[in-house]
Amino acid sequence: GDSMSEMTRGEFLGLGAAAAAAIGATRLPASVGAAGNSVEQGVGPDLVVTNARVLTGDDQQPNAEAFAVRGSRFVAVGRSDDVANLVGPDTEVIDASGICVTPGFIDAHSHPLWGGLQALVSVDTNLGSIQRIQDALSARARETEPGQWVVGFMYDDTKLSEGRPLDRRDLDEAVPDHPVYVGHRGGHTAVVNSAAFRAANITIDTPDPRGGTIYREGGEFTGRLAELALDPFQALLPDPSSREQRQAAVKLISELMSATGLTSVHSAGIGSAEFVAFQDAYAAGELGFRANLFANAGAYPSFRASGVRSGLGNEWLRLGPVKYLADGSASERTMRMSTPYMGRPDDYGILTMSQEEIHEAVEDAHRAGWQLAIHANGDVTIDMVLQAYERVQKLWPRNDTRHRIEHCSLVNP
């Protein structure tokens, strides 16, 4: 028989996420009668939600009280009494008790697999104080083999009760004998300890790499790194995952994201191993959202050489644009601007690609039939990317290219 339950707003959101994912995949039926014809005789829907305030997103039928879902499709939208008539012996029925139900949300830029992996294997440093971060890292170090890395994630320098950022000395005090890497939640900076500098063979005399900064004060490292200065440290970090762990990470993060109403996700820059993880989770029935997968700059050449291009896939997994990174972050104060940062008169931010490099990348992908997505936060970088997009569209025009600027934070008129 059917199961009937009344739910809180939070409970409904978690359970209803899978049903909401179908909204937008096909046009909603204009009436319950028309939709009812699509339900096979004697076979009821998987799910019926009644007594809701449904915002359909359909101009011809913007509001409804109920809907029915089978598989990944809506089969009825209309009045509660009419939709209830479709209930079969195995249909789950939810009385929404007047809760508003909307189409699923689309996260247009995120890094879900990375988030899932970090949650599985690294130290969460979103703890609100330097002392708590030190305690968490120290506890992990006690469980870690000597000389092995201790890695933290979700660090946010703006949310620390001490009113100052984490630095090298804090990490040295907490973990003196292991190299430590604490990544900022924005993904463009990190804080490391003295053991990490030694492991990377970087001394106080090492120059900043092009497109990156190793921060120093008073002839000493602060521990903060930005942009391409992260590369020699990230190259030393152990691979945190196996194929099975990557699949588990997709399963975990899709559960977490879909439970908040996110039913479509644009995964902004992944490599071949990550593509496999999404495919594995999909094949196992563990993928809880639709995913548009951006090829990162490292994976793109092999995809291009194989002849595939943006758009390959199905409604659950689709190959999206190639993703490039042209500058830094607004939240981490590394985006490239035409004016300096307040209190830092010589700091205009960081470019990670030159105009020539942007032109070359855009021309190659555009002429190969790919969509592009270039990370550009600052006004200088945004202008550089727009110049490249305008150039290729003028020289090699394509219809409906939909080239993207990721973030596009500081825009000049």
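1. Start with helix α12. The surroundings of its buried residues include α11 (300-306), β18 (317-325), β19 (372-376) and α13 (379-395). This is a predicted model, and the points below should be read as such.

2. Which residues of α12 are buried? They are Ile358, Ala361, Val362, Ala365 and His366. Viewed down the axis of α12, these residues fall within an arc of 120°, so they line one face of the helix. The face turned away from that buried side carries Glu356 and Arg367, both exposed.

3. The geometry of α12 is easy to check. The helix runs over residues 355-367 and has 13 residues. From first C-alpha to last it reaches 18 Å, close to the 18 Å expected at 1.5 Å a residue. Just after α12 comes Gly369, with a positive phi of about 90°.

4. Helix α5 invites a similar reading. It has 13 residues and spans residues 130-142. Its reach from first C-alpha to last is 18 Å, close to the 18 Å expected at 1.5 Å a residue. Its buried residues are Ile130, Ile133, Gln134, Leu137, Ser138 and Ala141. They sit on the same side of α5 because they cover an arc of only 130° around the axis.

5. What covers that side of α5? The cover of the buried residues includes β10 (123-124), β11 (150-155), α6 (168-174) and β12 (180-184).

6. Gln134 deserves a separate look. This residue lies in α5. Is it buried or exposed? Gln134 counts as buried because its relative accessibility is 7%, and the cut-off for buried is under 20%. Setting aside residues up to four places away in sequence, Gln134 touches Asp170, Glu173 and Ala174.

7. Next, a helix pair. Two packed helices are described by the angle between their axes and the distance between the axes. Helix α9 (residues 243-258) packs against helix α10 (residues 272-283) at an angle of about 65°. Their axes are 8 Å apart. The crossing of α9 and α10 is right-handed.

8. Which residues make the contact between α9 and α10? From α9 come Arg243, Arg246, Gln247 and Val250. From α10 come Ala273, Val276, Ala277, Phe278, Asp280 and Ala281. By class, the contact of α9 with α10 holds 6 nonpolar, 1 polar and 3 charged residues.

9. Thr222 is the next residue to inspect. It is placed in strand β15 (residues 220-227). Its relative accessibility is 18%, so Thr222 counts as buried. The cut-off is under 20%.

10. Which residues does Thr222 contact? Leaving aside neighbours within four places in sequence, the partners of Thr222 are Asp167, Arg168, Tyr215, Arg216 and Glu217. Thr222 and Arg169 are 53 residues apart in sequence. In space, their C-alpha atoms are 7.8 Å apart.

11. Finally, the whole protein. How many helices and strands does it have? There are 13 helices and 20 strands. Of the 413 residues, 48% count as buried. Among contacts between residues at least 6 apart in sequence, 73% join residues at least 24 apart.

Conventions:
Residues numbered from 1 in each chain as written. Predicted model: local features only at pLDDT ≥ 70, side-chain atom pairs only at ≥ 80, totals over all residues. Heavy atoms only, no water. Helix = DSSP H or I, 4+ residues; strand = E, 2+ residues; numbered from the N terminus. Buried < 20%, exposed > 50% of the residue type's maximum accessible area, 1.4 Å probe, protein only. Contact = heavy atoms within 4.5 Å. Expected span 1.5 Å × (residues − 1). Arc of directions from axis to C-beta. Axes fitted to C-alpha atoms, helices over the stretch in contact; angles between N-to-C directions. Left-handed = near helix turned anticlockwise from the far one by under 90°. Nonpolar A, V, L, I, M, F, W, Y, C, P; charged D, E, K, R; others polar.
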